[in-house]
Amino acid sequence: MPSYLLVSIPEEDTLASPISRVKAVVGDGGISEFNIPRKLKFGTLNNLLELSDKLERFDRDYQGTCNRLIDALRDLVGASSDDLGEYLKIEERRSTDQYLREFDWNSTKYRPDRPINDILDSIAEDVGSIDQNLRTQLN
């Protein structure tokens, strides 16, 4: 399964977009924009530190959910980890690679005018629901 690297590049007041400047230096080798809203409400520095701690906890939980999902899929189709890519599709039957390259923030569901803490709570609720459904289906 391929690896991905997300890099945040600040915008500058130039004619060239940040992504085109990066491509000019390193080439086009699979570089894509990953657009997220520019005006997310983070709050104070203290809020950011709290969010960082919260993200660490969420990351562990989400990783566990993903691992359970992959294990269930592996058991269901009898495929090795390397062969699961063809079965792992995200909304509209897109591969993980397509999804990341064509990512579009869902501004209706995760409104950028809401505090980032609320957005994280919504995402946690969605993943919790997926995890609960998975546990119910496996039992």
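**Close-up views of a predicted model**

**Figure 1. A salt bridge within helix α2 joins the side chains of D71 and R74.** In this pair, the distance from N to O is 2.8 Å. The model shown here, as in every figure below, is predicted. D71 and R74 both belong to helix α2, and they stand three residues apart, which is about one turn of the helix. The relative accessible area of D71 is 37%, so this residue is partly exposed. R74 likewise counts as partly exposed, with a relative accessibility of 27%. Both values lie between the limits of 20% and 50% that define a partly exposed residue.

**Figure 2. A salt bridge links D121 with K54.** Side chains of opposite charge can pair when their charged atoms come close. Between D121 and K54, the closest N and O atoms are 2.7 Å apart. D121 lies in helix α4 (residues 116-138), whereas K54 lies in helix α2 (residues 45-77), so the pair ties together parts of the chain that are 67 residues apart in sequence. Is K54 buried or exposed? K54 counts as buried, because its relative accessibility is 13% and the limit for a buried residue is under 20%. D121 has a relative accessible area of 36% and is therefore partly exposed. In total, the model contains eight salt bridges.

**Figure 3. R101 and D97 form a salt bridge within helix α3.** The closest N and O atoms of this pair are 3.1 Å apart. Helix α3 covers residues 96-101, and the two partners are four residues apart in it, about one turn of the helix. R101 is partly exposed at 37% relative accessibility. D97, with a relative accessible area of 28%, is partly exposed as well.

**Figure 4. R68, D131 and R135 are joined in a network of salt bridges.** One member of this network, R135, is found in helix α4. R135 has a relative accessible area of 38%, so it is partly exposed. The view also includes A72, which is 63 residues from R135 along the chain. The C-alpha atoms of R135 and A72 are separated by 10.0 Å.

**Figure 5. T65 is a buried residue of helix α2.** The relative accessibility of T65 is 6%, and T65 therefore falls under the 20% limit for a buried residue. Which residues does T65 touch, not counting residues up to four places away in sequence? They are V127, I130, D131 and L134. Of these contacts, D131 also takes part in the network of salt bridges with R68 and R135.

**Figure 6. Nine residues make up the largest nonpolar core.** The members are L40, L51, F58, F103, W105, Y110, I116, I119 and L120. Helices α2 and α4 are the elements that give two or more residues to this core. The greatest share comes from α4, with three residues. The contacts of L40, not counting residues up to four places away in sequence, are W105, P112, I116 and I119.

**Figure 7. F42, L45, L48 and L49 form a nonpolar patch on the surface.** Together, these residues have about 400 Å² of accessible area. L48, one of the members, lies in helix α2. At a relative accessibility of 37%, L48 counts as partly exposed.

**Figure 8. T44 lies in the loop between α1 and α2.** Helix α1 covers residues 18-26. T44 is partly exposed, its relative accessible area being 46%. How many residues separate T44 and T65 in sequence? The two residues are 21 residues apart in sequence, and the distance between them in space is 31 Å, C-alpha to C-alpha. T65 itself is placed in helix α2.

**Figure 9. The confidence of the prediction is given for the protein chain and its elements.** The protein chain has an average pLDDT of 83, and 92% of its residues score at least 70. Among the elements of the protein chain, strand β1 (residues 89-90) has the lowest mean pLDDT, with a value of 76. The highest mean, 89, belongs to α4. Helix α4 is also the element that holds D121, the partner of K54 in Figure 2.

Terms used: Residues are numbered from 1 along each chain as its sequence is written. This is a predicted model: local features need pLDDT of at least 70, side-chain atom pairs count only at pLDDT 80 or more; totals for chains, interfaces and linings use all residues. Side-chain values use heavy atoms; hydrogens and water are left out. A salt bridge is a side-chain nitrogen of Lys or Arg within 4 Å of a carboxyl oxygen of Asp or Glu. Buried means under 20% relative accessible area, exposed over 50%, partly exposed in between (1.4 Å probe, protein chains only). Patches are made of residues with over 30% relative accessible area and no salt bridge: like charges are joined within 9 Å, nonpolar side chains (Val, Leu, Ile, Met, Phe, Trp, Tyr) within 5 Å. Accessible areas come from the Shrake-Rupley method with a 1.4 Å probe; for residues, only the protein chains shown count as cover. pLDDT is the predictor's confidence in each residue, from 0 to 100. A nonpolar core is a set of buried Ala, Val, Leu, Ile, Met, Phe, Trp, Tyr and Cys residues joined through side-chain atoms within 4.5 Å. Contact means heavy atoms within 4.5 Å.
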